[in-house]
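Me: I would like to learn how to read a ligand site and the fold around it. Please take the features one by one.

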Amino acid sequence: MKKEILRASNMTKIYGLGTKQAFTALNKISLQMNEGDFICVMGPSGSGKSTFINNLSTVDFPTTGTVYINQREVKTMGENEIGHFRYENLGFIFQEFNLLDALTLYENIAIPLTLAKMPRALQKERVHNVAEKLNILDLLNKYPNECSGGQRQRAAIARALVSQPKLIVADEPTGNLDSKNSYELMQLFKQLHQKEGVSILMVSHDPMVASYSNRFIYIKDGQIEQTLEKKDLSQKAYYEKIVEINTLNTHLFEEDYD
Ligand code: ADP
């Protein structure tokens, strides 16, 4: 049986709690994810996608409800412990890459290992292994502004993978990439997920990107509106269903006004 990597129960997030501007961004959402799952979250702008994955992954904490990652309840951990837990369990990939311009790609990728005080020789081995996998070995001494968008995103992914996390959390990872680099990134995610059993929780607005996942979650007004499992659907058939869900939810028909 597959091991559970993430479980959230009745997660509610209220911004500005106790003020006039209080806003419920997530409304009693629950989610269960096993090791090796690849989930894509989609929904209109402002529907709560980023809030959802941030609250699932220790970036933020729900107002009520519980989150377990790798069998540990997140809110029971202190600040120090959570830093260490994040390092051991989670790898983050953002749309903006978030590389530090003053550091080389090598230094950027090594940040999580440096923070964890890993011996330098071991760091070097880890960085080289992951850079080889991402085809950026010859770029390690370059600075981010000397690299293309696709190369920078690969470096950001290398940094997310270098600590060998159980769960990759990616918010619009292809948002700043052209279609060729997006395709390459998805091939890489596919390989990580299928060959190495890495679990991936991703937000994307692109149905093509979403069609690489094995579960699709459509969020609307802070709630899960629809879930679709890929199961034995072809990628094309899965893609078409995703497009359909998207279209039905983002277009208002005349009847909606009746
Ligand atoms: P999405 O990622 O789907 O675009 P978000 O999760 O960013 O949506 O935001 C969901 C809702 O919560 C939006 O209405 C947004 O304005 C609101 N929101 C997000 N972050 C904050 C915050 N820090 N304070 C107040 N409201 C917020």
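What follows is a short dialogue on the ligand shell, one loop residue, the strand pairing and one helix.

Reply: This is a predicted model, in which local features need pLDDT of at least 70 and side-chain atom pairs count only at pLDDT 80 or more, while totals for chains, interfaces and linings use all residues. Residues are numbered from 1 along each chain as its sequence is written, and side-chain values use heavy atoms, with hydrogens and water left out.

Me: Which residues surround the ligand?

Reply: A residue is near a molecule if one of its heavy atoms lies within 4 Å of it. Here the ligand is surrounded by Tyr15, Phe23, Ala25, Pro44, Ser45, Gly46, Ser47, Gly48, Lys49, Ser50 and Thr51. Helices (H or I, at least four residues) and strands (E, at least two) are DSSP runs numbered from the N terminus. Helix 1 (49-56) and strand 2 (23-34) each supply at least two residues of this shell, and the largest share, three residues, comes from helix 1.

Me: Which polar contacts does the ligand make through its oxygen atoms?

Reply: A polar contact is a pair of N or O atoms within 3.5 Å; within protein, one must be able to donate a hydrogen and the other to accept it, and residues adjacent in sequence count only if both atoms are side-chain atoms. A polar side-chain atom of Thr51 lies 2.5 Å from a ligand oxygen. Polar backbone atoms also take part: one of Gly46 is 2.8 Å from a ligand oxygen, and one of Gly48 is 3.0 Å from a ligand oxygen.

Me: Is Ser47 buried or exposed?

Reply: Buried means under 20% relative accessible area, exposed over 50%, and partly exposed in between (1.4 Å probe, protein chains only). Ser47 has 4% relative accessibility, so it counts as buried. Ser47 sits in the loop between strand 3 (38-42) and helix 1, and its side chain reaches the backbone oxygen of Pro44 at 2.6 Å.

Me: How does strand 1 pair?

Reply: Two strands pair if DSSP finds at least two bridges between them. Strand 1 (residues 4-15) pairs with strand 2 in the antiparallel sense over eight bridges, with Arg7 opposite Gln32. Five bridges join strand 1 to strand 4 (residues 64-69), also antiparallel; there Ala8 has Val67 as its bridge partner.

Me: Which residues of helix 2 are buried?

Reply: In helix 2 (residues 79-89), they are Ile82, Phe85, Tyr87 and Asn89. With contact meaning heavy atoms within 4.5 Å, the buried residues of helix 2 pack against strand 4, strand 5 (72-73), strand 6 (90-94), helix 3 (105-115) and strand 7 (167-171).
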